Amino acid sequence: MSDRRTYADRANYLKQAVATRRKALRKQLIEYKGGQCVLCSYDKCIAALDLHHVDARTKDFGISSGCLTRSWDKVKSEADKCVLVCANCHREIHAGRVQLPIVISE
């Protein structure tokens, strides 16, 4: 019996490679942005940290969905338009309950 890869094997390999790249890129971005929420300093779980675009009009692509195929320089450039916030603070920003300090926004 020959040891040949199948289409399903290749598809599973690609899914795993994408998941691995996404996790590594996310970790790299969070470290680049300081590793904690700029509002409350939360840093316990990186899955609970989000990048929030300070000015949505400058947004070229969504960090969470659009950065997978882009270079680190392009992803970093987009991240420079964002602040790192925890999920709770992010939801409160969008609900209008919290505002970013002017120092952070500029």
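What share of the 106 residues in the protein chain is buried? Buried residues, meaning those under 20% relative accessible area (1.4 Å probe, protein chains only), make up 25% of the chain. The model is predicted, so local features need pLDDT of at least 70 and side-chain atom pairs count only at pLDDT 80 or more, while totals for chains, interfaces and linings use all residues. Residues are numbered from 1 along each chain as its sequence is written, and side-chain values use heavy atoms, with hydrogens and water left out.

The chain holds 5 helices and 2 strands, which are DSSP runs (helices H or I, at least four residues; strands E, at least two) numbered from the N terminus. Along the sequence they follow the pattern α-β-α-α-β-α-α.

Helix α1 covers residues 7-32. Its 26 residues should span 38 Å at 1.5 Å a residue (1.5 Å times one less than the number of residues), and this agrees with the 37 Å between its end C-alpha atoms. Leu-25, Leu-29 and Ile-30 of α1 are buried. Just after this helix, Gly-34 has a positive phi of about 110°.

Leu-29 also appears in the largest nonpolar core, a group of 18 residues. Such a core is a set of buried Ala, Val, Leu, Ile, Met, Phe, Trp, Tyr and Cys residues joined through side-chain atoms within 4.5 Å. Leu-29, Leu-51, Ile-63 and Val-85 touch the most other members. Two or more residues come from each of α1, β1 (49-53), α3 (72-79), β2 (82-86) and α4 (87-94), with β2 giving the largest share, 5 residues.

Beyond its neighbours within four places in sequence, Leu-51 is in contact (heavy atoms within 4.5 Å) with residues including Leu-29, Ile-63, Val-83 and His-90.

Conventions: Buried < 20%, exposed > 50% of the residue type's maximum accessible area, 1.4 Å probe, protein only.
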